[in-house]
Protein chains: 2
Amino acid sequence: MTSPGNANFPVVGMIGGGQLARMAHQAGIPLGIRFKLLADTPQDSAAQVVSDVVLGDYRDLDTLRRFAEGCDVITFDHEHVPTEHLRALQADGVAVRPGPDALVNAQDKGVMRARLDSIGVPCPRHRIVADPADVTAFAEEGAGYPVVLKTVRGGYDGKGVWVVGDEEEAKAPFLAGVPVLAEEKVDFVRELAANVVRSPSGQAVAYPVVESVQENGVCAEVTAPAPDLDPALSDEAQQLALRIAGELDITGHLAVELFQTRDGRILVNELAMRPHNSGHWSQDGAVTSQFENHLRAVLDLPLGDPRPRAKWTVMVNVLGGDYPDMYHAFLHCMARDPGLRIHMYGKDVKPGRKVGHVNVFGDDLDDVRERARHAAAYLRGTITE
Amino acid sequence: MTSPGNANFPVVGMIGGGQLARMAHQAGIPLGIRFKLLADTPQDSAAQVVSDVVLGDYRDLDTLRRFAEGCDVITFDHEHVPTEHLRALQADGVAVRPGPDALVNAQDKGVMRARLDSIGVPCPRHRIVADPADVTAFAEEGAGYPVVLKTVRGGYDGKGVWVVGDEEEAKAPFLAGVPVLAEEKVDFVRELAANVVRSPSGQAVAYPVVESVQENGVCAEVTAPAPDLDPALSDEAQQLALRIAGELDITGHLAVELFQTRDGRILVNELAMRPHNSGHWSQDGAVTSQFENHLRAVLDLPLGDPRPRAKWTVMVNVLGGDYPDMYHAFLHCMARDPGLRIHMYGKDVKPGRKVGHVNVFGDDLDDVRERARHAAAYLRGTITE
């Protein structure tokens, strides 16, 4: 189904049918590029809206190889594709962006910590631990209990993460028999995220540093730019993210999740090498969204202006609530606030699941925040009027 | 392929696979609605990017009926669906928006002029003419030669329009044997467009009045808002468009193309009842784009804020030039101007064909205009650097 009209425009293949792929497709339409999706089911968030969908298992190398055949570049909606399969694709000559040597740092928290240590990036105190007794030993080395334990692979949105208060509580993470990383529980004043985009030829852009608020391990709210952030610390965070992107040879979007400590330092919490929840504000709040810049980057196209278009943009996630019909809540929100930018993912409503987000921009932070929070709470069903 | 995740979200069926449907689909993704397309071929601009495409002939009633079955509302990328088919669909109980009684005013210029006359809307002097001698009679009634002749149906982008200087030249339009409308050639200082959106429940919003520049009968450039427009005349144009939308019971987007005369009046040139080239600036220049508001309107959802986000937004069409590879020009333009918003349609490059547009926004009109014009000219191949 190649069009003669854009036959000389490249094909981006995205692995994973979630909302990030959905919004990347949306951002790719004006670019005139062709977008191909590897999804699990036709009901996947992105599969609902993309024309060229291949159904298959991203853990199967043959499936990946067949999918890659028609693509000029492969990129990702998630980081769950086995690293060895990506190396095999790369050996086949497929352009995989970010490449496996970069992506492994977003796939394996043990690898990531070791790599960041090697280039002197400030991180929470951490080490791989063998058993509950070793967790206590780690605590006694200086961090003390509570300790944060993470499975090195497979965790996201609070899954695969435990905060344990003693050796007894430290037993649970080891039951699965996978490597466990211990980290100090950082005494932070808030969480920040530094989002940058880097292309294979080395061009990079930095979005304004944002403040993010997590609830139960899930991103709840993002304010762009981070309010009352010392310009020196903002610069430091952007420079740090650009340095990580360069040192790790990351292509595409990189989100660096940061802790701002009580004593005024920043420490790296997590890395994500794909469009990220902390960058959703950019769809309505920046000249070029993270989704468009991710696509431009993996295609080695010149990057777009990442600067904000409004004084403040606030993003609040819409989580699934107790009742499945969101359409009527949707009508109410639209009628109440014509300036609201709603982004729905077409997903089943399940309690706590990310099913959409709202963006609001303007000059008055309190007003912008109240509007975004109200809409998200109403869509979830937490409040009614 | 219905998703359980948005099963209670409505299905919009759009007839026609052009760039307007492509951009409407793009605007519908965040709304979480389901979008179904009736296109001619898989290579159609919109068919390249929409998941749910039916291929078929919009002139065939059975095809239309089958397409309408899975849709909550039918709307349009173009106005070429036969009016009687739309009446038949409506008799079947299908929600057709805009409805045939409204849409006929965008399909038939003779009907439109009579209807606008009946509600006292200022138009150029006009009447249906029978033959070249009748054109001369029309000229002698007051307008004089040159006279503008238009086939009442089927014209667009300058096709089906003649400017004739005498009775000899007036012969050509009658050769096809279709009804011909004669209009005075208005002595205008510029062309304006008033874009409004109206929902079935009667809610309406008005975009800022824009200035449009045509070249060879094709829209070339739009500036939003229209520079140096007397606020009273701007209000008059918006009120006029809102009144036409109400009186004609139009649902969805209405573009009213206007002449601003040398003596300070406005006269209605054309009506379009769908997203329109004079509203493309709104994708990057308004809080809510014309495409999103058209979808909201045909679904009777509350409408979004139509206000501008920048002091000036300029849209310049990218027309096909002499060489078919636009991708390299595209790279150049992106590298030169990271703030450029490019919208490509995935269409074959043919000389003079609309294949995309660029939007640029900012505070300095001269700068914004220069950037948009340069990019469009470079993409067309008119200039190289």
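**Stop 1: where the two chains meet**

Colour chain A and chain B differently and turn to the place where they touch: in this predicted model, the two chains bury about 4800 Å² between them, and 57% of that area is on carbon and sulfur atoms. Now select Ile29(B), Arg309(B) and Tyr327(B). Within chain B, these three lose the most area to chain A, and together they make up 14% of what that side buries.

How many residues does each chain bring to the contact? Chain A gives 55 residues and chain B gives 55 residues.

Next, look for charged partners across the boundary. Between chain B and chain A the count is two salt bridges. One to select is the pair Glu292(A) and Arg341(B), a salt bridge whose closest N and O atoms are 2.6 Å apart. As background, side chains of opposite charge can pair when their charged atoms come close.

Polar contacts cross the interface too: 16 residue pairs are found there, both residues at pLDDT 80 or more. Switch to a cartoon view of chain B and highlight helix 1 (19-28), helix 9 (290-298), helix 10 (327-336) and strand 16 (341-344). Each of these elements supplies at least two residues of the side of chain B that touches chain A. Which element gives the largest share of that side? The answer is helix 10 of chain B, with five residues. If you colour this side of chain B by residue type, you will be looking at 29 nonpolar, 16 polar and ten charged residues.

**Stop 2: two residues inside chain B**

Stay with chain B and select Gln19(B), which has its place in helix 1. Is Gln19(B) buried or exposed? Its relative accessibility is 13%, and buried means under 20%, so Gln19(B) counts as buried. Show the side chains here and you can follow a polar contact of 2.9 Å from Gln19(B) to Lys347(B). Not counting residues up to four places away in sequence, Gln19(B) touches Ser45(B), Asp77(B), Tyr345(B), Lys347(B) and Lys354(B).

Now move to Thr63(B), in helix 2 (residues 61-69) of chain B. Thr63(B) counts as buried, at 10% relative accessibility. Leaving aside neighbours within four places in sequence, Thr63(B) is in contact with Leu38(B), Gly56(B) and Asp57(B). For a sense of distance, draw a line from the C-alpha atom of Thr63(B) to that of Asp131(B): the two residues are 68 residues apart along the chain, and the line spans 37 Å.

**Stop 3: the domains of chain A**

Hide chain B for a while. Give separate colours to domain 1 (11-96), domain 2 (125-184) and domain 3 (188-380) of chain A, as the domain assignment divides it. The centres of domain 2 and domain 3, taken over C-alpha atoms, are separated by 28 Å.

Then select Thr136(A), in helix 6 (residues 132-143) of chain A. Thr136(A) has a relative accessible area of 14% and is buried. What does Thr136(A) contact, once neighbours within four places in sequence are left aside? Tyr145(A) and Glu167(A) are its partners, and with Tyr145(A) there is a side-chain polar contact of 2.8 Å.

**Stop 4: a trail of salt bridges**

Over all chains, a search of the whole structure finds 52 salt bridges. Here are some to visit in chain A.

Begin with Asp92(A) and Arg65(A), whose closest N and O atoms are 2.7 Å apart. Asp92(A) lies in the loop between helix 3 (83-91) and helix 4 (100-107), while Arg65(A) is in helix 2 (residues 61-69), so the pair ties together parts that are 27 residues apart in sequence. Asp92(A) is partly exposed at 43% relative accessibility, and Arg65(A) is partly exposed at 32%.

Next, select Asp108(A) and Arg153(A), which meet in a salt bridge of 3.6 Å, N to O. This pair ties together parts that are 45 residues apart in sequence, because Asp108(A) is in the loop between helix 4 and helix 5 (109-118) and Arg153(A) in the loop between strand 6 (147-151) and strand 7 (161-164). Asp108(A) is buried at 13% relative accessibility, whereas Arg153(A) is partly exposed at 39%.

Finish with Glu168(A) and Lys171(A), a salt bridge with its closest N and O atoms 3.1 Å apart. Glu168(A) counts as exposed at 52% relative accessibility, and Lys171(A) is partly exposed at 42%. As a last selection, pick Lys109(A), Arg113(A), Lys150(A), Glu183(A) and Glu270(A), which salt bridges with shared partners join into one network.

Technical notes. Residues numbered from 1 in each chain as written. Chains lettered and ligands numbered in written order. Predicted model: local features only at pLDDT ≥ 70, side-chain atom pairs only at ≥ 80, totals over all residues. Heavy atoms only, no water. Contact = heavy atoms within 4.5 Å. Buried area = accessible area lost by both parts, 1.4 Å probe. Salt bridge = Lys/Arg side-chain N within 4 Å of Asp/Glu carboxyl O. Polar contact = N/O pair within 3.5 Å; in protein donor to acceptor, adjacent residues only side chain to side chain. Helix = DSSP H or I, 4+ residues; strand = E, 2+ residues; numbered from the N terminus. Nonpolar A, V, L, I, M, F, W, Y, C, P; charged D, E, K, R; others polar. Buried < 20%, exposed > 50% of the residue type's maximum accessible area, 1.4 Å probe, protein only. Domains from an automatic or database assignment.
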